[in-house]
Amino acid sequence: MSMPSDSHFEVIVIGAGVAGIYQIKRLADLGVHATVLEAAPDLGGTWYNNRYPGARFDSESYTYGYSFSKEVLEEWHWLEKYSPQPENLKYLNFVAEKFDLRRHMQFNCRVEAAHFDEANVQWRLTVSDGRRLSCRFLIMAVGLLSMPTLPRLEGMARFKGRSFHTFDWPHEPVDLRGKRVAVIGTGATGIQVIGEIQDKVGDLTIFQRRPNWSAPLNNSRISPEDMAAIRARYDEIFATCARTPGGFEHEPDRRGFNEVSREERLALWDQLYDEPGFGIWLRNFREIFTDEDANQEISDYIADRIRRRVKDPAVAEKLIPRDHGFGVQRVPLETNYFEAYNRDNVHLVDLGETPLVRVTETGLETTERAFDFDVIVYATGFDAITGAYDRIDIRGVGGEELRDAWRDNPSTYLGIFIHGFPNLLMPNGPQSGSASTNYPRGIEVGVDWCTAFLEHMWANGLIRAEASKEAEAEWTAHVRMMYARMLMRKAKSWFTGYNSNVAGHEEGTIRYFVYNGGMPKYVTTINACAANGYEGVTLEGPTLGAPPGAGGEARLTG
Ligand code: NAP
């Protein structure tokens with residue numbers, strides 16, 4: 001066996017976020033010579049970067065943590081039902097330190113290029129620090145929402161105050177007291193920021209292009225007694241998450257929408273709206289996602305709840321979405337968001353009526369007037385799902401560029417493999433079930449599956465794996481077909497690839513980004529693939545002059 005090298009690895013994992021941390025844990029346990037390359041200065045991914053005020057889970061904390069270690073489950077105490085960013089980052093560090101994972105991670109290493117070397121059956125990577133690394137297998141743990149996007153507005157560099165995207169919120173505290181603050185964007189992020197800073201700033205102006213449906217988070221503390229009760233229930237909690245479509249404890253109401261009376265529906269919604277978390281979205285009738293009439297009825301209900309919370313009826317009407325129904329986009333959860341608009345220091349600018357024109361030295365200008373600010377917060381979202389892949393020059397067999405292959409739409413086999421890009425694995429790739437579920441629940445499935453796949457390769461002396469064109473075409477067609485049933489396909493959101501700030505992703509073309517058949521069906525499908533000898537994936541042993549470490553032998557650390 002050859003000695004482990006600093007430049008060649010059996011496996012390179014790109015990204016040290018929630019997925020990369022667990023992936024390297026699995027590989028380290030197997031003794032595989034592997035490393036994680038992370039662009040940021042430290043681990044944590046989403047929870048390292050998104051430090052904006054109000055950033056927190058809207059999954060129940062105890063369903064978001066990893067389930068793989070009984071010890072971690074025993075030792076970690078979640079303090080809030082929906083844990084805030086600093087605590088979440090602490091948690092990921094706790095896990096990494098407990099299993100001594102940092103020694104397998106390299107930070108400040110942005111992967112700029114990854115080219116498949118067919119002759120040697122390995123990936124060759126160029127890293128931002130100038131190094132060239134290689135590996136047999138490349139695992140993409142690059143995150144779904146890791147490429148923030150700014151508006152394409154004239155004059156952005158001219159602004160003399162402070163401005164940042166929420167993803168790049170400064171690490172040192174930002175003093176907003178007495179400041180005139182603008183927030184652009186009212187997605188899940190903007191809604192969290194606004195709820196948190198409304199009473200801490202001098203003046204807050206919210207620039208809303210399209211309103212978003214949202215519902216109360218209803219957060220609370222978790223006492224030591226509560227936590228003990230949660231610990232006693234962990235097996236049950238994860239079992240429930242595994243059988244629900246979204247990977248939560250929230251189970252859909254399986255009664256038919258029209259099987260119950262309107263009074264019963266209203267009573268259910270009254271209850272769910274005031275309960276913590278995604279209940280109003282995910283414990284609801286399944287028809288709200290597929291049936292226009294059912295969706296209209298729940299949308300009317302939520303609109304009424306908004307009207308009850310916002311004192312100025314004209315403002316309330318502006319906060320009610322008209323272009324899409326409740327739940328067909330990812331529903332942000334909020335704390336005092338609607339009440340913010342009842343404050344004298346909070347102002348709403350409807351960009352639908354008066355679009356932004358430019359950024360000036362002192363603030364923002366719409367078609368109607370100029371505004372002066374001390375701070376501009378861009379809560380303007382992400383080049384979702386494929387954005388992180390597009391930023392790396394990934395070339396497969398024959399030099400084919402992934403960003404070209406995916407220009408109009410991603411195409412994958414099971415969201416895990418890409419034809420033409422052998423030995424590249426995506427534990428939570430585009431078109432996977434893991435991309436549309438309670439994130440860590442999906443990640444553990446994806447990482448476990450990919451790890452078992454690699455063990456199969458190593459155990460059988462195999463060195464090359466590539467999804468067949470036919471298998472990929474079939475899966476991609478299936479993913480598209482699943483959109484046909486869902487009202488989601490009509491919404492302009494990151495789930496359908498819409499982003500006005502990215503050339504080519506403006507409205508018009510839907511992108512089939514996620515498998516929306518639910519996690520249980522997804523797990524059944526990928527497990528059947530494995531049980532059938534990884535049907536759809538061509539597996540090969542060493543045929544050519546085998547490179548060092550080939551021959552099916554994983555290069556193990558000493
Ligand atoms: P988002 O949902 O894509 O929202 C972006 C917002 O910015 C939208 O209101 C959008 O308006 C607006 N916008 C974008 N470009 C603009 C422009 N050029 N001019 C004016 N407005 C513009 O992004 P996000 O809020 O960051 O959330 C993304 C996802 O991150 C969420 O759906 C969620 O999955 C995740 N997230 C999770 C949590 C959590 O778990 N707790 C918290 C935050 C985010 P339009 O609607 O008109 O495009």
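Helices (H or I, at least four residues) and strands (E, at least two) are DSSP runs, numbered from the N terminus. The model is predicted: local features need pLDDT of at least 70 and side-chain atom pairs pLDDT 80 or more, while totals for chains, interfaces and linings use all residues. Residue numbers start from 1 along each chain as its sequence is written, and side-chain values rest on heavy atoms, with hydrogens and water left out.

**Exercise 1. Describe the shell around the ligand and state which helix gives the largest share of it.**

Step 1. Count the shell. A residue is near the ligand if one of its heavy atoms lies within 4 Å of it. By this rule 25 residues surround the ligand, and the closest are Arg56, Thr189, Arg209, Trp494 and Asn501.

Step 2. Sort by class. Ala, Val, Leu, Ile, Met, Phe, Trp, Tyr, Cys and Pro count as nonpolar, Asp, Glu, Lys and Arg as charged, and the others, Gly among them, as polar. The shell then divides into eleven nonpolar, nine polar and five charged residues.

Step 3. Assign to elements. Helix α6 (residues 188-197) gives the largest share, three residues.

**Exercise 2. List polar contacts of the ligand with Gly187, Gln192 and Trp494, then give its covered area.**

Step 1. Apply the cut-off: a polar contact is a pair of N or O atoms within 3.5 Å.

Step 2. Read the distances.
- Trp494: a side-chain N or O atom is 2.7 Å from an oxygen atom of the ligand.
- Gln192: a side-chain N or O atom is 3.3 Å from a nitrogen atom of the ligand.
- Gly187: a backbone N or O atom is 3.5 Å from an oxygen atom of the ligand.

Step 3. Take the area, from the Shrake-Rupley method with a 1.4 Å probe. On its own the ligand has 910 Å² of accessible area, of which the protein covers 86%.

**Exercise 3. Work out the strand order of the open five-stranded sheet and place α6 against β8 and β9.**

Step 1. Pair the strands; two strands pair if DSSP finds at least two bridges between them. The order is β7-β16-β8-β9-β12, with parallel pairing.

Step 2. Find the edges. β7 (162-165) and β12 (346-350) each have a single partner strand, so one side of each lacks a neighbour in the sheet.

Step 3. Check one pair. Five bridges join β8 (residues 180-184) to β9 (residues 203-208) in the parallel sense; Ala182 has Thr205 in β9 as its bridge partner.

Step 4. Place the helix. With contact meaning heavy atoms within 4.5 Å, and axes fitted to C-alpha atoms, for helices over the stretch in contact, with angles from 0 to 180 degrees between N-to-C directions, α6 lies across β8 and β9 and runs at about 160° to β8.

Technical notes. Polar contact = N/O pair within 3.5 Å; in protein donor to acceptor, adjacent residues only side chain to side chain.
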